[in-house]
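Colleague: I am new to this structure and would like a close look at a single part, with enough of its surroundings to place it. Could you take me through it step by step?

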Amino acid sequence: MAGKRIVRGLYVIIAALGLGAVCFAILPYLTLDPSLSRVELNPAIPLHYPLLITHIGFAFIAVIIGWLQFLPGLRKRRPVLHRWTGRIYLGCVAIGAVTGLTVGAFSASYVRQMAFLLLGLLWLFTGWKGYRKARLGRFGEHGVWMARNYALTLVAASARLLTPFCILLYLALHGGPPAGGVAEIVKQVLEINIWVGLAVNLVITEWMIVNRFNTK
């Protein structure tokens, strides 16, 4: 029972931190002003900003709805609501992943292009696996795949939350700031923070999955 409480507590903490980080991240985009974009836009591609807004909007909805899917009371007492919110969630994931792949392709950084490519493909794959397991009535496996999928949904939030730790680690490993100062550190960290968020989220999720089965 203690193990299950720990897992549920981690779900709540991760979702709360993720929601907070995502809310902060979307603030510049609520005005629909491209000049406030935190992502460098490609002026040669007029659809870059609309696709970015679409990606951020549907990903934000997925963060909110996804957390609700893991509430045991909702699954047991409101199974129809659980199924419909799950379908909406997966629809948001599909749109967010496809637009994310496109936005990632517009990035000037090859490292970030590959990060968005891998993240988008894993997001689609785990969502499809979760859907298929539910359709086959294999709900235990469905829950496992949806946990992995939601971990991917929270990667952007985790990447932002982990950025300060990446900066501190950089300073510790390099014995201080480089010649370019903090701006140079942030530039380098932003090249890899998506990878760090992806790795951390998947490691935590797999630990939670293993712990869940070991406590049964």
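Modeller: In this predicted model, the loop between helix H1 (2-26) and H2 is where Leu-32 lies. Leu-32 has a positive phi of about 60°, although it is not a glycine. With a relative accessible area of 56%, Leu-32 is exposed, because exposed means over 50%.

The helix on the far side of that loop, H2 (residues 48-68), has 21 residues, and from its first C-alpha to its last it reaches 31 Å, close to the 30 Å expected at 1.5 Å a residue. Several residues of H2 are buried, among them His-48, Tyr-49, Leu-52, His-55, Ile-56, Ala-59, Phe-60 and Val-63. As general background, an α-helix has 3.6 residues a turn, so residues three or four places apart point the same way. Leu-52, Ile-56 and Phe-60 can be looked at with that in mind, and each of them is buried in H2.

To set this part in its context, the chain has 8 helices and 0 strands, and read along the sequence it follows the pattern α-α-α-α-α-α-α-α. Buried residues make up 39% of the 216 residues in the chain.

Helix H3 (residues 72-77) holds Arg-77, which is exposed, with a relative accessible area of 64%. Arg-77 also gathers with Arg-75, Lys-76 and Arg-78 in a patch of positive charge on the surface.

A surface patch of another kind, a nonpolar one, is formed by Tyr-110, Val-111, Met-114, Leu-117, Leu-118, Leu-121, Ile-192 and Trp-195, which together have about 670 Å² of accessible area. The elements that give two or more residues to this nonpolar patch are helix H5 (110-135) and helix H8 (182-214), and the largest share, 6 residues, comes from H5. Leu-118 lies in helix H5, and at 32% relative accessibility it counts as partly exposed.

Helix H6 (residues 139-153) has 15 residues, which at 1.5 Å a residue should span 21 Å, and its end C-alpha atoms are 20 Å apart, which agrees. Of those 15 residues of H6, 12 are buried, so the helix is largely enclosed by the rest of the structure. The buried residues of H6 include Trp-145, Met-146, Arg-148, Asn-149 and Tyr-150.

To return to the part you asked about, Leu-32 is exposed and has a positive phi, in the loop between H1 and H2.

Methods
Residues are numbered from 1 along each chain as its sequence is written. This is a predicted model: local features need pLDDT of at least 70, side-chain atom pairs count only at pLDDT 80 or more; totals for chains, interfaces and linings use all residues. Side-chain values use heavy atoms; hydrogens and water are left out. Patches are made of residues with over 30% relative accessible area and no salt bridge: like charges are joined within 9 Å, nonpolar side chains (Val, Leu, Ile, Met, Phe, Trp, Tyr) within 5 Å. Accessible areas come from the Shrake-Rupley method with a 1.4 Å probe; for residues, only the protein chains shown count as cover. A salt bridge is a side-chain nitrogen of Lys or Arg within 4 Å of a carboxyl oxygen of Asp or Glu. Lys and Arg count as positive and Asp and Glu as negative; His and the chain ends are not counted. The place of a charge is taken as NZ of Lys, CZ of Arg, CG of Asp or CD of Glu. Helices (H or I, at least four residues) and strands (E, at least two) are DSSP runs, numbered from the N terminus. Buried means under 20% relative accessible area, exposed over 50%, partly exposed in between (1.4 Å probe, protein chains only). The expected span of a helix is 1.5 Å times one less than its number of residues.
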